[in-house]
Amino acid sequence: EHFPAMQFKSDIARLRLSKQGDIKNFKGDLYCTEKLCERANITGSVGEGKEFNFRILRNPKGKRQLSLRAYDAGAFLKAFGIYPNIEGGDLSLIGNYEDSAKDTVLSGRVIIDNYTVRKAPILAKILSLTSFTGVFDLLQGNGLTFTKLLAPFTLQNDILTFRKAKAYGGSIGITAGGTIEFPKQIIDISGTVVPAYVVNKILDKVPLVGALLTGGGEGVFAFDYRVRGVENEAEVSVNPLSILKPGFLRGMFDGGE
C-alpha cells in the first residue's frame, strides 16, 4: 500500500534473503515510482552456480512486460524465500501489465520443467486423505518427480488467480484453479489429482476399451480436492465420489494449452 519510489544499482558478491540459500553475483538495476516499477534488469546465480535473470521493460507499444528465467527453479525459490519444497527444474515466467485499468493487472504464465517436490505440506494433506499410499510415501521420501508445471495467472490487488493450472509426471497429475491472497497467503484452490498417470496412459492404449474408459487419454483414476485457509494450516477436503470419472480430463495432461 505504501510502496516507496526507489532506484538502485547493485553488484553484490553474496546476498542472503532467506535461510534456504544464498544468491551470488547479484547484479543489476531497478527503478520504481510510487505507483509502479518502470524497469528492472537483475541477474545472479543460485545453488550450484545456476543463473537467473529478471526483467521489466516496455515493448514497442509502450506496455510493460515482465520476464523471469531461473535454470534451477528449486534453488531460486529457496534463495528468495518463496517456496522450499521444489528441487531442480527450469523455470520461466512471462507476463504483461495492464496499467490503464483502475488497478494494475499482471497476466501471464509460469512454467517449470523437470522438477521434484518433496514433503510439501498441502500436497501431503491431499494425498493422506486418499488410499494412494504409494504416492504419499514417495512425496515424504525421495519426492515426486514432475515433467511440467504450466500455470496461467493474473495478479491484481494482491490476489493471485490461477485458471486451468496443471502439473504432471510419472506418478501423478494435478489440475488447479483458484486464488491466493497476499500478504496473509489465504488460499482457496480446487482441482483434480490423478495418481498413476503413466498407468492411465497405458490403459488408454488398449484398443476400444481404453478409449471408452479414459475418453481418449484423460485418465480413469482420479479425485477432486479443495484447499481453503491460511498457507500450511489450510483445510483440505477430498471428494471420494469423483473416483472413476471417464473422459473428464480431455487435453489436460499434455504440453500444450
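**Glu87 and its partner**

I looked up Glu87 in this predicted model and got 35% relative accessibility, so Glu87 counts as partly exposed. Its side chain meets that of Arg118 in a salt bridge, 2.3 Å from N to O. Next I checked where the two residues sit. Glu87 is in strand β6, while Arg118 is in the loop between β7 and α2 (121–128), so the pair ties together parts that are 31 residues apart in sequence. Arg118 comes out at 23% relative accessibility, which means partly exposed.

**Asp113 and Lys148**

I then turned to Asp113. Asp113 forms a salt bridge with Lys148, and the closest N and O atoms are 2.6 Å apart. Which strands does this pair link? Asp113 belongs to β7 and Lys148 to β8 (residues 144–156), so parts 35 residues apart in sequence are tied together. I compared the burial classes of both ends. Asp113 is partly exposed at 25% relative accessibility. Lys148 has 18% and counts as buried, because the cut-off for buried is under 20%.

I also followed shared partners. Salt bridges join Arg14, Arg16 and Asp22 into one network.

**Asp99 and Arg64**

How many salt bridges are there in the whole structure? My search returned 9. One of them is formed by the side chains of Asp99 and Arg64, at 2.9 Å from N to O. Asp99 lies in the loop between β6 (86–98) and β7 (105–117), and Arg64 lies in strand β5 (residues 64–70), so this pair ties together parts 35 residues apart in sequence. Is Arg64 buried or exposed? Arg64 is buried, with a relative accessible area of 3%. Asp99 is partly exposed, at 27% relative accessibility.

**Strand β9 and its neighbours**

I moved on to β9, which spans residues 159–168. The strand is mostly covered, with 7 of its 10 residues buried. I listed its pairings on each side.

With β8, the pairing is antiparallel and runs over 7 bridges. I picked out one residue pair: Thr154 has Thr161 in β9 as its bridge partner. β8 and β9 form a hairpin with 2 residues between the strands. I checked the backbone there and found that Asn157 takes a positive phi near 55 degrees.

With β10 (residues 172–181), I counted 8 bridges to β9, and these strands also run antiparallel. Here Leu160 stands opposite Ile180 in β10. How many residues lie between β9 and β10 in their hairpin? I found 3.

**Confidence**

I finished with the pLDDT values. The protein chain averages 85, and 81% of the residues score at least 70. Which elements mark the two ends of the scale? Helix α5 (residues 209–214) has the lowest mean pLDDT of the elements, 48, and β5 has the highest, 98. Residues 212–219 have pLDDT below 50. I looked up what this stretch touches in the model: beyond near neighbours in sequence, it has 28 contacts.

My last note goes back to Arg64. This residue lies in β5, the element with the highest mean pLDDT, and Arg64 is one partner of the 2.9 Å salt bridge with Asp99.

Note on methods: Residues are numbered from 1 along each chain as its sequence is written. This is a predicted model: local features need pLDDT of at least 70, side-chain atom pairs count only at pLDDT 80 or more; totals for chains, interfaces and linings use all residues. Side-chain values use heavy atoms; hydrogens and water are left out. A salt bridge is a side-chain nitrogen of Lys or Arg within 4 Å of a carboxyl oxygen of Asp or Glu. Helices (H or I, at least four residues) and strands (E, at least two) are DSSP runs, numbered from the N terminus. Buried means under 20% relative accessible area, exposed over 50%, partly exposed in between (1.4 Å probe, protein chains only). Two strands pair if DSSP finds at least two bridges between them. pLDDT is the predictor's confidence in each residue, from 0 to 100. Contact means heavy atoms within 4.5 Å.
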